Amino acid sequence: MKTQTVKGGKNVKAAPKVDVKTENKKQRRERLVAERELAATELNRLRGQMQTEIEHDADEGDPDIYEREKLLAVIRTLEDKMESLDYAMKALDNGQYGICERCGSEIGAERLKAMPGTTLCVKCKAATEKILKRGFTQE
């Protein structure tokens, strides 16, 4: 399996290059695990950066709040990504990976390739976002 270098110079396994239309369960799991490892590596690096900045800036008074908030937002995004990948692996084990949770139709291969942790097809995701944008919650 190929490796990918992330910020900080660490090599981690890159997500395998496979055709998502024809990949088997083992290949899907490998791709999800590799994506999760990339996210975990970056998350650990950012948490370390956050800790370093806290220690370094402690004597200088207020840290650069804007930069810290951006860093926290990226950390939250990576945590959400890892959670969705864990959920996707459970769905794979249950035979539900690639099936839209809302309408039950198959999620397109290109969408799964771009967003391996997704649980909604494009149509349902758009409908959900439209509902949330209006201020309603989905029931």
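**Close-up views of a predicted four-helix, two-strand chain**

**View 1. The whole chain.** Welcome: the chain has four helices and two strands, where helices are DSSP runs of H or I with at least four residues, strands are runs of E with at least two, and both are numbered from the N terminus. This is a predicted model, in which local features need pLDDT of at least 70 and side-chain atom pairs count only at pLDDT 80 or more, while totals for chains, interfaces and linings use all residues. Residues are numbered from 1 along each chain as its sequence is written, and side-chain values use heavy atoms, leaving out hydrogens and water. Starting at the N terminus, the elements run β-β-α-α-α-α. Of the 139 residues, 32% are buried, meaning under 20% relative accessible area, with exposed over 50% and partly exposed in between (1.4 Å probe, protein chains only).

**View 2. Helix α2.** Helix α2 covers residues 65-93. Its 29 residues should span 42 Å at 1.5 Å a residue, and its end C-alpha atoms are indeed 42 Å apart; the expected span is 1.5 Å times one less than the number of residues. Among the buried residues of α2 are Arg68, Leu71, Ile75 and Leu78. After the helix comes Gly95, with a positive phi near 80 degrees.

**View 3. The nonpolar cores.** A nonpolar core is a set of buried Ala, Val, Leu, Ile, Met, Phe, Trp, Tyr and Cys residues joined through side-chain atoms within 4.5 Å. The largest one has 13 residues, and those with the most contacts inside it are Leu32, Tyr97, Cys100, Ile107, Cys121 and Cys124. Helix α2 gives this core its largest share, five residues. A second, separate core of nine residues includes Ala40, Leu43, Met50 and Met82.

**View 4. Around Tyr97.** Leaving aside residues up to four places away in sequence, Tyr97 touches Arg28, Arg31, Leu32, Ala88, Ala91, Leu92, Leu112 and Pro116. Contact here means heavy atoms within 4.5 Å.

**View 5. Cysteines without a bond.** A disulfide is a pair of cysteine sulfur atoms within 2.5 Å, and by this rule the count is zero. Cys103 is in no disulfide, as the nearest cysteine sulfur, that of Cys124, is 3.7 Å away. Cys103 is partly exposed, because its relative accessibility is 44%. The sulfur of Cys124 is 3.6 Å from its closest cysteine sulfur, in Cys121, which is too far for a bond. Cys124 counts as buried because its relative accessibility is 6%.

**View 6. Ala109 in helix α3.** Ala109 lies in α3, residues 109-114. At 16% relative accessibility, Ala109 counts as buried. Ala109 and Gly98 are eleven residues apart in sequence, with their C-alpha atoms 8.1 Å apart in space.
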